[in-house]
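Trainee: Please pick one part of this structure and take me through it closely. I am new to it, so keep the steps short.

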Amino acid sequence: MRKQIRRRGTAWLMFGTMMMAAVFTGCGKKDIDYDIDGSGGKKDSGSIQDKYDIPKSYDDSIAVGDSGLSEITLKVDEISVPDTSIMYTEKLTKNDTAGEALKKIAEAIFDKSKGIYAYDENNQTKADIEEQIASYEQLKKELGTDAERIKEINDTLTELQDELEKAPEDYPAAGDYSATKYLGTCGQYEFVLRTPDDTISSYDLSLKEDAMVYRPADGTEDGTEMIDHGGYVSLNDSIKYGSEGAEEALNDKNQCKYSEEEALEIAEEFLKKIDCNDMTLGESSALAWTYDDALSTLIERDIDGYYFTFNRMIKDQSLGEGLQALNVDNMVQQEAGVDIPTDYCKIAVDDNGVIGAVWTNNLSVEGEAEETELLSFKELMKRADSSVSEYYAKYNTQYKSIEFNRMQLTYCLKPGAQDGEFEYVPAWIISQVEVYEFDEVTYEDPQQMVVLDATDGSYIDILEVSKTLGTCSVIQD
């Protein structure tokens, strides 16, 4: 059985999942255009496509060299090129995510006068455990004569009573900020801040209180009747992934007391607090609160708040959502899943201000982005004959032949000259993508991938980049 990647992330991040579909844009089948010139007689248009003679489509082979492969072909119906006349290189340095850096972020987010604590949900305070005991006692009353469930709850209550005897009155102070989770107060609510560690590369700020307690569903006596779970999500994401009734919810009145412009100001102020100063608003969405029963059937969807996504950019150009090679075969053979995320921040805002955020801030820009020249497409493909085979000689695949079907010009991160230094460069992502549908949603899964530096045609060692950045995943049988 083929091994599967254990994806990195948090439960909250599921509401803001970054899909590779955004990176590898789908395209319909069409007759292949063999016009390698690609200019269509308009060489003075100023576009990247015309300037570097990039064809609309491509069908040819790549030399196998010492790769051990029997054949490498590139059959692309539609080559993806950014709508610009200039691309850039940009130098960056890796940010510190420990010690003083964590302290600065935590003290900017939380009310210091109310304390900032190292948090461990497996070693809770007496107050937290007493709150759980009260909730289970109430649930037991509501179960009536359900003896089996009542026994389960009684067993849980016994465990909680044992924990209560040993529980501390307070969580320990944040101290030297060597923990991975911190508890603090924003306004009238407690929040948990999770920080990057060996298993996750993002920061995560979430309400300590359960979402259904924080915002009970409308129209039920206590907000939990018939409801098994609930939470919030970007309405745009609900629509993207085909959630029932999501498109109709676009017409619902947003219940938030803030206008979208006012909510955006709140989100931008939060960005400043966490030092995400090189980001630009990429998407605005309504915040949808969804409540499901035990069978995950939607009971209710309320529109109440806003959800903003900010992305790092070079000048006025988007870097996309980064590069993931979690199930690319030669990376699977290395028992590693490549993740090179573009720094981003997703922020949820409601009547109480920021109620959740997830972000990465791995890098800081050093100096100004510089215009850069690319190889012509013809020269790129000459270099690919050696670069692609060299890459597969280093990272073998279990397959004997490869048929790349996607080719996209974008940006990719590569290591700089010194430790801790990186550089964004124009890059060609060449991939073999499988397209499949699940629950009427189309997904794209890259099975093969090689990334070439568009300025010199050399391959970018994406595994080494991911390791250096600290975002390399592990594989689980």
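Mentor: Start with one definition. An axis here is a line fitted to C-alpha atoms, and an angle between two axes runs from 0 to 180 degrees between N-to-C directions. Keep in mind that this is a predicted model.

Our part is a sheet with a helix across it. Which strands form the sheet, and in what order? Three strands form an open sheet, ordered β2-β3-β19, with mixed pairing. Its edge strands are β2 (58–62) and β19 (401–404), and each of them pairs on one side only. On average, neighbouring strands in this sheet are turned by 15 degrees against each other, direction ignored.

Now look at one pairing in detail. Strand β3, residues 71–76, runs parallel to β19, and four bridges join them. Glutamate 71 faces serine 401 of β19 across this pairing. In general, strands of a sheet pair through backbone hydrogen bonds, in either the parallel or the antiparallel sense.

Next comes the helix. Which strands does helix α9 lie across? Helix α9, residues 377–394, lies across β2, β3 and β19. Its direction makes an angle of about 45 degrees with β2.

Take one residue of that helix. Methionine 381 sits in α9. Is methionine 381 buried or exposed? Its relative accessibility is 9%, so it counts as buried, the cut-off being under 20%. Beyond its neighbours within four places in sequence, methionine 381 is in contact with Tyr58, Ile62, Leu74 and Met407. Along the chain, methionine 381 and aspartate 60 are 321 residues apart. Their C-alpha atoms, however, are separated by 9.7 Å.

Turn to a residue in the sheet. Glutamate 403 belongs to strand β19. Its relative accessibility is 41%, so it counts as partly exposed. Setting aside neighbours within four places in sequence, glutamate 403 is in contact with Thr73, Lys75 and Gln432. Glutamate 403 and isoleucine 62 lie 341 residues apart along the chain, and 10.0 Å separates their C-alpha atoms.

Met407 now comes up again. The largest nonpolar core has 60 residues, and Met407, Trp428 and Ile462 touch the most other members. A second, separate core has 43 residues, including Tyr214, Cys256, Ala263 and Phe308. In soluble globular proteins, nonpolar side chains tend to be buried together.

Gln432 leads on to another strand. β21 spans residues 421–438. How many bridges join β21 to β22? There are 12, and the two strands run antiparallel. One bridge sets isoleucine 430 opposite valine 450 of β22. Strand β22 covers residues 441–453, and 12 of its 13 residues are buried, so the rest of the structure largely encloses it.

β21 has a further partner, β4. Strand β4 and β21 pair in the antiparallel sense over four bridges. There, leucine 92 stands opposite phenylalanine 422 of β21. β4 itself runs from residue 87 to 94, and it also pairs antiparallel with strand β18 (residues 370–372) over three bridges. Threonine 89 faces glutamate 370 of β18. With strand β17 (residues 363–365), β4 shares three bridges, again antiparallel. Lysine 94 has leucine 363 of β17 as its bridge partner.

Aromatic rings come last. A search of the whole structure finds 13 aromatic pairs. One of them joins tyrosine 203 and tryptophan 359: the ring centres are 5.1 Å apart and the planes meet at 10 degrees, so the pair is stacked. Tyrosine 203 is in strand β8 (residues 203–207) and tryptophan 359 in strand β16 (residues 353–359), so the pair ties together parts that are 156 residues apart in sequence. Both partners are buried: tyrosine 203 has a relative accessible area of 3%, and tryptophan 359 has 0%. Another pair is tyrosine 391 with tyrosine 392, whose centres are 5.5 Å apart and whose planes stand at 85 degrees, so this pair is edge-to-face. Tyrosine 391 and tyrosine 392 are also both buried. Finally, Tyr189, Tyr214, Tyr232 and Trp289 make up one aromatic cluster. Tyr214 has already appeared as a member of the second core.

Methods: Residues are numbered from 1 along each chain as its sequence is written. This is a predicted model: local features need pLDDT of at least 70, side-chain atom pairs count only at pLDDT 80 or more; totals for chains, interfaces and linings use all residues. Side-chain values use heavy atoms; hydrogens and water are left out. Two strands pair if DSSP finds at least two bridges between them. Contact means heavy atoms within 4.5 Å. Buried means under 20% relative accessible area, exposed over 50%, partly exposed in between (1.4 Å probe, protein chains only). A nonpolar core is a set of buried Ala, Val, Leu, Ile, Met, Phe, Trp, Tyr and Cys residues joined through side-chain atoms within 4.5 Å. Rings of Phe, Tyr and Trp (its six-membered ring) pair if their centres lie within 6.5 Å; planes under 30 degrees apart count as stacked, over 60 as edge-to-face and the rest as tilted.
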